[in-house]
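Me: I am new to this model and would like to look closely at a single part of it. Please take your time and connect that part to what lies around it.

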Amino acid sequence: MVPLRDNNPTSITPYVTYALVGANIFIFLYQATLSPQELQAFFNRAAVVPCQLSSTCPVPVDQGIPEWLTLITSQFLHGGLLHLGGNMLFLWVFGNNIEDRLGHIKYLIFYLSCGVLAALAQWFFSQNSTTPMVGASGAIAGVMGAYILRYPKAQVLTLVPIGFFITTFRIPAYFFLGFWFVQQAFYGIASLPARTNIGMEGGGVAYWAHAGGFVFGAILGPMLGLMRRD
């Protein structure tokens, strides 16, 4: 299911959401100028590598920046055009309303904090992994966790493939986002017993970062005033 837009108007111009989308696109364009070897080195420096954060890597890497800082820098890196496009679409659809509720400064703090906590959630379950973790997915999952609390009945215009046909439906946010969260948690749990072709150990998706970011967003949002009355 692909979200196209929601039916929630905003009372402000979401400058921070626009800036985050622009920053992610700009850095991805920079990535596109690098050779494969340079890109791998860039990821080793700026992405979260769990074993580096744990200091358990077989071969220590001198990355040039403190490892804790990669919890933030990794949020602006992406592994491909579809990765970037999907993340920015979800941020575009759901981020503006959360920025509207929290205000520009608190929203930025909320977004980055969710990204950091989401990365730590993934690190907890894969502390010895050597796979670089990149993407804004954890932070955006936090936005989605806040959205489902504040706007559970909002209608999300959604692109849905049915066999060979593609159509659109208006789906309540609690169903769209709830289904997404359950899916991420299920894959995260499925990847725990053994190394599989899903999750970080398979070089794929950081499902625990998604599920963790969603939960942390639902916790941090109300703490920052998400549910206040107008």
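What relative accessibility does Tyr107 have, and does Tyr107 count as buried or exposed?

Reply: This is a predicted model, in which local features need pLDDT of at least 70 and side-chain atom pairs count only at pLDDT 80 or more, whereas totals for chains, interfaces and linings use all residues. Residues are numbered from 1 along each chain as its sequence is written, and side-chain values use heavy atoms, with hydrogens and water left out.

Tyr107 counts as buried, because its relative accessibility is 0%; buried means under 20% relative accessible area, exposed means over 50%, and partly exposed lies in between, with a 1.4 Å probe and protein chains only. Tyr111, too, is buried, with a relative accessible area of 0%. These two residues are 4 apart in helix α6, so about one helical turn separates them; helices here are DSSP runs of H or I with at least four residues, strands are runs of E with at least two, and both are numbered from the N terminus.

The rings of the two tyrosines can be considered next. The structure holds 16 aromatic pairs, where rings of Phe, Tyr and Trp (its six-membered ring) pair if their centres lie within 6.5 Å, and planes under 30 degrees apart count as stacked, over 60 as edge-to-face and the rest as tilted. The ring centres of Tyr107 and Tyr111 are 6.5 Å apart and the planes meet at 50°, so this pair is tilted.

Both tyrosines also belong to a wider setting. The largest nonpolar core has 38 residues, and Phe94, Ile98, Tyr107, Phe110, Tyr111 and Leu177 are those with the most contacts inside it; such a core is a set of buried Ala, Val, Leu, Ile, Met, Phe, Trp, Tyr and Cys residues joined through side-chain atoms within 4.5 Å. At least two residues of this core come from each of α1 (15-32), α5, α6 (104-125), α7, β2, α8 and α9. Apart from it lies another core, of 7 residues, including Val48, Ala118, Ala119 and Met133. In soluble globular proteins, nonpolar side chains tend to be buried together.

Phe110 shows how this region connects: leaving aside neighbours within four places in sequence, its contacts (heavy atoms within 4.5 Å) include Ile98, Leu102, Val143, Ala146, Leu220 and Leu224. Leu177, another of the residues with the most contacts in the core, is among the buried residues of α8, as are Phe176 and Trp180. The buried residues of α8 pack against β1 (2-6), α5 (81-102), α7 (137-150), β2 (155-162), β3 (165-172) and α9 (207-223). Phe94, for its part, forms one aromatic cluster with Phe90, Tyr147, Tyr151 and Phe176.

Two of the strands that α8 packs against, β2 and β3, run antiparallel and are joined by 8 bridges, and β1 and β2 pair in the antiparallel sense over 4 bridges; two strands pair if DSSP finds at least two bridges between them. To return to the starting point, Tyr107 is buried at 0% relative accessibility, and Tyr107 is one of the residues with the most contacts inside the largest nonpolar core.
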